[in-house]
Amino acid sequence: MKSRLCPLLLLVLALLSTPSRAWDQKGHRVVAAVAWEHMDAGTRTKAVALLHGAPGDSDLLAEDAGAALPQAEQDRELFLRAATWPDIVRDLAHPARRAKYHRSPWHYLNIFWQERNRRPVERKDLGIEGDLLARLAKCDTDLRSVLSDQRSEPLSAGERAVALAWFEHLVGDVHQPLHTSARVTGFEPRGDHGGNDFCLGKTHPLGKHDCSANLHAL
């Protein structure tokens with residue numbers, strides 16, 4: 001039995017030792033892929049049609065990586081890419097696009113907590129920061145009438161496309177613990193902002209931390 005367990009254990013350890021990845025494009029694409037597999041053909045068609053209404057300056061349709069693929073695969077690729085779009089528009093190299101479409105507070109909901117007696121205790125006195133749940137609910141409301149063929153929704157085609165991209169993205173964000181958590185310590189009395197202030201870099205001679213490497217990014 002031991003001779004069989006050792007190779008198996010080594011295999012498991014090898015699989016677990018892969019590098020950590022942020023909730024980056026790969027993570028959001030996986031979430032969108034799971035959604036795509038659970039959608040019926042009619043809903044997929046409506047979702048793709050919504051995305052094709054995206055404003056030109058949003059660049060939501062800019063990267064046509066699936067152009068050589070069959071149409072069904074192109075549709076799937078568009079849907080998966082849309083889930084990453086709210087992070088793409090963060091890019092400082094495109095200031096006009098960033099100013100129009102990037103919304104930092106929509107990505108998170110900081111629920112403050114502090115460790116006491118080795119247990120997490122919510123710090124309700126610090127309130128809650130971020131608009132993730134409110135925006136997720138708004139996108140849901142904006143999209144339901146469209147996908148159910150109720151055409152009374154006042155949103156433009158471009159707004160509907162953007163709402164769908166945000167909805168895809170936020171469903172991923174809300175499942176990432178460091179998008180919904182702010183740990184309070186003596187070093188971070190106002191919370192660590194989802195691990196963004198939990199520095200992993202070296203300490204400078206003056207005592208300042210290099211936070212370009214932080215827990216959230218890891």
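Student: Where do Arg-144 and Asp-140 lie, and how many residues apart are they?

Tutor: Both belong to helix α7, four residues apart, or about one turn of the helix. Helices here are DSSP runs of H or I with at least four residues, strands are E runs of at least two, and both are numbered from the N terminus. This is a predicted model, in which local features need pLDDT of at least 70 and side-chain atom pairs count only at pLDDT 80 or more, while totals for chains, interfaces and linings use all residues. Residues are numbered from 1 along each chain as its sequence is written, and side-chain values use heavy atoms, leaving out hydrogens and water.

Student: What makes the contact of Arg-144 with Asp-140 a salt bridge?

Tutor: The term requires a side-chain nitrogen of Lys or Arg within 4 Å of a carboxyl oxygen of Asp or Glu. The closest N and O atoms of Arg-144 and Asp-140 are 2.9 Å apart, so the pair meets the definition. The whole structure holds eight salt bridges. In another of them, Arg-29 and Glu-77 meet at 3.0 Å, N to O. That pair links distant parts of the chain, with Arg-29 in helix α2 and Glu-77 in helix α4, 48 residues apart.

Student: Why is Arg-144 called exposed, and what is Asp-140 called?

Tutor: Buried means under 20% relative accessible area, exposed over 50%, and partly exposed in between, using a 1.4 Å probe and protein chains only. Arg-144 has 56% and is therefore exposed, whereas Asp-140, with 24%, is partly exposed.

Student: Are the partners Asp-125 and Arg-123 buried or exposed?

Tutor: They fall into separate classes: Asp-125 has a relative accessible area of 58% and is therefore exposed, while Arg-123 has 16% and is therefore buried. Their side chains nevertheless meet in a salt bridge, at 2.9 Å from N to O.

Student: How do you know that Ser-58 is buried, and which residues does Ser-58 touch?

Tutor: Its relative accessible area is 0%, so Ser-58 is buried. Ser-58 sits in the loop between α3 and α4. Contact means heavy atoms within 4.5 Å; leaving aside residues up to four places away in sequence, Ser-58 touches Trp-85, Val-89, Arg-97 and Tyr-101.

Student: What makes the approach of Arg-81 to Asp-59 a polar contact?

Tutor: A polar contact is a pair of N or O atoms within 3.5 Å; within protein, one must be able to donate a hydrogen and the other to accept it, and residues adjacent in sequence count only if both atoms are side-chain atoms. The side chain of Arg-81 reaches the backbone oxygen of Asp-59 at 3.3 Å, so the distance satisfies the cut-off. Arg-81 lies in helix α4 and, with a relative accessible area of 7%, is therefore buried.

Student: Why is a set of residues called a nonpolar core, and how many residues does the largest one have?

Tutor: The name applies because its members are buried Ala, Val, Leu, Ile, Met, Phe, Trp, Tyr and Cys residues joined through side-chain atoms within 4.5 Å. The largest such core has 32 residues, and Leu-164 and Trp-166 are among those with the most contacts inside it. Helices α2, α3, α4, α7 and α8 each supply at least two residues of this core, and the largest share, seven residues, comes from α8. Leu-164 touches Ala-47, Leu-50, Leu-51 and Leu-143, not counting residues up to four places away in sequence.
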